[in-house]
Amino acid sequence: MATVLLVEDDHVVRGAMLRSLADRGHAVHAVGTALDALRRVAAETPDLVVLDLGLPDLDGSDALRMLRGITDVPIIIATARDDEQTVVRLLRAGADDYMVKPFTGAHLDARITTVLRRVGRASRTAQPAVHEVGELRVDIGERSALLAGEALALTRKEFDLLAYLAARPGRVVSRRELLEEVWRQPSVGEDQTIDVHLYWLRRKLGESAAKPRYLRTVRGVGFRLVAPD
């Protein structure tokens with residue numbers, strides 16, 4: 001059984017999908033807008049999201065981008081749009097699977113099972129890593145970070161950003177790579193997102209852009225994490 005968040009604005013379709021998944025043993029929560037989906041995911045973290053694209057408050061592709069900004073849970077797109085360009089774009093933007101309406105409850109259940117099995121297998125085979133850079137210690141498995149033995153109070157994205165850089169010490173990482181790999185977003189007009197998170201991360205590391213210690217900016221290229229001199 002999985003906890004599934006169903007994001008679908010058509011109440012008839014939503015009701016049918018909800019009943020079908022519930023009958024197959026899933027715990028299903030349903031919302032009709034992108035805003036409600038973002039709130040629900042942030043508050044409860046379901047095992048999987050089924051996301052319609054034709055939402056009344058926000059296009060589903062934008063909702064996908066925003067969801068990927070706050071969570072790594074699997075997302076299956078469920079929509080009537082079937083052109084190849086849309087499919088490829090959404091898969092590259094972070095969707096784990098794509099289903100074209102109409103489909104049966106059995107089909108959806110099979111896709112959910114397959115995606116969760118794939119994600120579970122990946123998490124079991126991945127070895128939790130601990131990265132140490134100077135006095136900074138980042139434990140990926142525990143999702144914790146210590147500086148000189150003191151715990152850092154990081155938000156989810158601050159930790160993800162620090163962990164990505166800590167796994168590549170000394171290497172220059174571009175803004176584009178950070179957006180695609182950490183935020184799961186296309187690298188278009190999102191520089192402010194990185195700058196804001198870097199600002200707060202630097203403050204928690206006891207440094208600033210003017211007086212960096214661990215986080216170094218390589219102008220025009222990107223950022224790198226290094227041990228202080």
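This passage describes the overall fold, the sheets, two helices and the aromatic contacts of a predicted model.

The chain comprises 8 helices and 12 strands, and its C-alpha atoms fill a box of roughly 60 × 35 × 25 Å when taken along the principal axes. Of the 229 residues in the chain, 41% are buried. Among contacts with a separation of 6 or more, 53% are accounted for by residues 24 or more positions apart. The domain assignment divides the chain into domain 1, which spans residues 3-122, and domain 2, which spans residues 130-225; the C-alpha centres of domain 1 and domain 2 lie 30 Å apart.

Helix α2, formed by residues 34-44, has Ala34, Ala37, Leu38 and Val41 as buried residues. Seen down the axis of α2, these buried residues fall within an arc of 100°, and they therefore line one face of the helix. On the other side of α2, by contrast, Arg39 and Ala43 are exposed. The packing partners of the buried residues of α2 are the strands β1 (3-7), β2 (27-31) and β3 (48-51), together with helix α3 (60-68). Just after α2, Thr45 adopts a positive phi of about 50°.

In helix α3, the buried residues are Gly60, Ser61, Ala63, Leu64, Leu67 and Arg68. Around the helix axis they cover an arc of only 155°, which places them on the same side of α3. The elements that cover the buried residues of α3 include α2 and β3, as well as β4 (75-79), α4 (84-92) and α6 (156-166). Helix α2 and strand β3 are thus named among the surroundings of α3, just as β3 and α3 are named among the elements against which the buried residues of α2 pack.

Two open sheets were examined in terms of strand order and pairing. An open sheet of 4 strands follows the order β6-β7-β8-β9, with antiparallel pairing. Its edge strands are β6 (130-133) and β9 (150-151), each of which pairs on one side only. Strand β6 is joined by 4 bridges to strand β7, residues 136-139, and β6 and β7 run antiparallel; Val133 stands opposite Leu136 in β7.

A further open sheet is formed by 3 strands in the order β10-β12-β11, and here the pairing is antiparallel. Strands β10 (173-174) and β11 (215-218) stand at the edges and have a single partner strand each, so that one side of each is left without a neighbour in the sheet. Between β10 and strand β12, residues 222-225, there are 2 bridges, and β10 and β12 run antiparallel. The bridge partner of Val173 in β12 is Phe223.

With regard to aromatic contacts, a search of the whole structure finds 1 aromatic pair. This pair is formed by Tyr199 and Trp200 in an edge-to-face arrangement, with a distance of 5.3 Å centre to centre and an angle of 80° between the planes; the assignment as edge-to-face follows because planes over 60 degrees apart are counted in that class. Tyr199 counts as partly exposed because its relative accessibility is 46%, and Trp200 likewise counts as partly exposed because its relative accessibility is 39%. A charged residue is also placed over an aromatic ring, since Arg168 lies over the face of Tyr164, at 3.5 Å from the ring centre.

Notes. Residues are numbered from 1 along each chain as its sequence is written. This is a predicted model: local features need pLDDT of at least 70, side-chain atom pairs count only at pLDDT 80 or more; totals for chains, interfaces and linings use all residues. Side-chain values use heavy atoms; hydrogens and water are left out. Rings of Phe, Tyr and Trp (its six-membered ring) pair if their centres lie within 6.5 Å; planes under 30 degrees apart count as stacked, over 60 as edge-to-face and the rest as tilted. Buried means under 20% relative accessible area, exposed over 50%, partly exposed in between (1.4 Å probe, protein chains only). A charge sits over a ring if NZ of Lys or CZ of Arg is within 6 Å of the ring centre and within 35 degrees of the ring normal. The arc is that of the directions from the helix axis to the C-beta atoms. Contact means heavy atoms within 4.5 Å. Domain bounds come from an automatic or database domain assignment. Two strands pair if DSSP finds at least two bridges between them.
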